[in-house]
Amino acid sequence: MTTLLAIGDMHLGRPPTAIPEDLRARRDELGPEAAWFRSVDEAIARKVDAVLLAGDLVDQGRDFFVAYGQLKAGIERLTEAGIRVLAVAGNHDTEVLPRLAGEIDQLELVGAGGQWQSVPVDGITLLGWSFPRPQVRNSPLGDLPASQGKGTVVGLLHCDVDQADSPHAPVSRRELEAAPVNAWLLGHIHRPDDLDSDRPIGYLGSISALRASETGRRGPWLVQIEGKDIAADQLPLAALRYEALEIDCSELEDAGELGAKVLAATRERLRTLADSDNQPKAVGLRITLTGQSPAAAALGEAAAELAADGRSWEEQGIACFVHRIESTVMPRLDLRRLARQSDPCGLLARRLLALQDPEDEEYQRLVRLARESMSPVLGAREFRDLDREPDDEAIAGWLRRAGRMALIRLVAQREEAG
């Protein structure tokens, strides 16, 4: 069996953002450098055969010295343990990574100068291509050799999938699937893909949260290969993690109870993270308040006050802080009473009721029309980090939220006019 530890975008030199002031003194233990050293420890403990780096190891060229020190220290530990380190260059490190490889003998740069290269790695073949310059507007797969090597072939590539106008090595998923390669481990997009198929093809994601919007699991991937069987599992080793948390406030009638509600929901979420072997050191919460309540307006004000506090607290050995609280709590509406009316309020209420039942023909019609309307927006490159194929319930949820907001305004206008 061949065992690899695959690491996506590290961006060494970029400090963690959106953390409260009282945690800024701990930046060194929360940033990508800390995630890199955690990954080195994991690779040595698991006795992997090689560590693969999928580009953008460094954030900017000016970060040469910090990257040199951090990379060199980690790579020396890996090579002392008999573990090879192989990397491809991304669009952020086209100049600095070759220089680093020239200074760090044990760092193997694969596919230098935009030329595909096959490298044998403990019974498999690693196929890689590196950015020759910061912008590459043609698909590198157009120059892929017909023969890549013997046995199982793993591709390592920094690229932009299904974005034909991208200046960052645009490739199509169809090209990746058509290539005679058993797995594609990709860098560039920071949101990790699901790689649990028999033939993994997708993004490894960033090794650590680089923005507050990068919620959920972050860390390297353990890739185990036996013959043609390939299994990829993500290891959530990032010291800093952001969590998206929805809290239903339908039962809250007093905005003064919001703090306790948020604290209880936070403790429940952290309980699952604290049980892991590599729990994060800090967790930033991006909270959305949902539901319907007679105290909707007061809850919005209370949410703003909590978000403005700006300090961290400790729960189960983890430093917690609220990065953002957004209230989408709406006043309670009697939809069935409103649905009996023959005015626009009644029409909208009837549609909202239909959107509660997936078996309703009107539900299906509204979701279909919404999907058709939204498809050009979701396909735009600005929304690449969103699911491009949202399921019906996700679309229905967006429609329900927008419809309720519109109905609240209609009812308020009618009351003002009357």
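**Helices, a mixed sheet and selected residues in a predicted model**

Just after helix α7, G310 adopts a positive phi of about 70 degrees. The structure described here is a predicted model, and the helix that precedes this glycine serves as a convenient starting point. Helix α7 comprises residues 296-308, 13 residues in total, and extends 19 Å from its first C-alpha to its last, which is close to the 18 Å expected at 1.5 Å a residue. Within α7, the residues A296, L299, A302 and A303 are buried. Because these buried residues of α7 fall within an arc of 115 degrees when the helix is seen down its axis, they line one face of the helix. In general, an α-helix has 3.6 residues a turn, so residues three or four places apart point the same way. The other side of α7 carries A297, E301, E305 and A308, which are exposed.

Helix α2 (residues 32-46) can be described in similar terms. Its 15 residues should span 21 Å at 1.5 Å a residue, and the C-alpha atoms at its ends are indeed 21 Å apart, so the two values agree. The buried residues of α2 are P32, E33, A34, A35, W36, R38, S39, V40, E42 and A43. Just after α2, K47 takes a positive phi of about 55 degrees.

Turning to the strands, an open sheet is formed by 5 strands in the order β5-β6-β7-β10-β11, with mixed pairing. The edges of this sheet are occupied by β5 (117-121) and β11 (201-203), each of which has a single partner strand, so one side of each is left without a neighbour in the sheet. Neighbouring strands of the sheet are turned by 20 degrees against each other on average, direction ignored. Strand β7 (residues 153-158) and strand β10 (residues 183-187) run parallel and are joined by 5 bridges, and L156 stands opposite L185 in β10.

Positive phi values also occur in loops. Most residues other than glycine have a negative phi. D122, although it is not a glycine, has a positive phi of about 45 degrees; D122 is found in the loop between β5 and β6 (124-129) and, at 45% relative accessibility, counts as partly exposed. D162 is likewise not a glycine and has a positive phi of about 55 degrees. The loop that holds D162 runs between β8 (160-161) and β9 (170-171), and D162 is partly exposed, with a relative accessible area of 43%.

Two arginines were examined individually, R241 and R400. R241 lies in strand β14, which covers residues 240-248, and its relative accessible area of 15% is under the 20% limit, so R241 is classed as buried. The side chain of R241 makes a polar contact, at 2.7 Å, with the side chain of E243. When neighbours within four places in sequence are left aside, R241 is in contact with G216, R217, P236, L273, P280, A282, V283 and G284. R400, by comparison, belongs to helix α11 (residues 392-417) and is partly exposed, with a relative accessible area of 22%. With neighbours within four places in sequence again left aside, the contacts of R400 are L352, L355, Y363 and E393. The C-alpha atoms of R400 and G90, which are 310 residues apart along the chain, are separated by 41 Å.

Terms used
Residues are numbered from 1 along each chain as its sequence is written. This is a predicted model: local features need pLDDT of at least 70, side-chain atom pairs count only at pLDDT 80 or more; totals for chains, interfaces and linings use all residues. Side-chain values use heavy atoms; hydrogens and water are left out. Helices (H or I, at least four residues) and strands (E, at least two) are DSSP runs, numbered from the N terminus. Buried means under 20% relative accessible area, exposed over 50%, partly exposed in between (1.4 Å probe, protein chains only). A polar contact is a pair of N or O atoms within 3.5 Å; within protein, one must be able to donate a hydrogen and the other to accept it, and residues adjacent in sequence count only if both atoms are side-chain atoms. Contact means heavy atoms within 4.5 Å. The expected span of a helix is 1.5 Å times one less than its number of residues. The arc is that of the directions from the helix axis to the C-beta atoms. Two strands pair if DSSP finds at least two bridges between them. Axes are lines fitted to C-alpha atoms, for helices over the stretch in contact, and angles run from 0 to 180 degrees between N-to-C directions.
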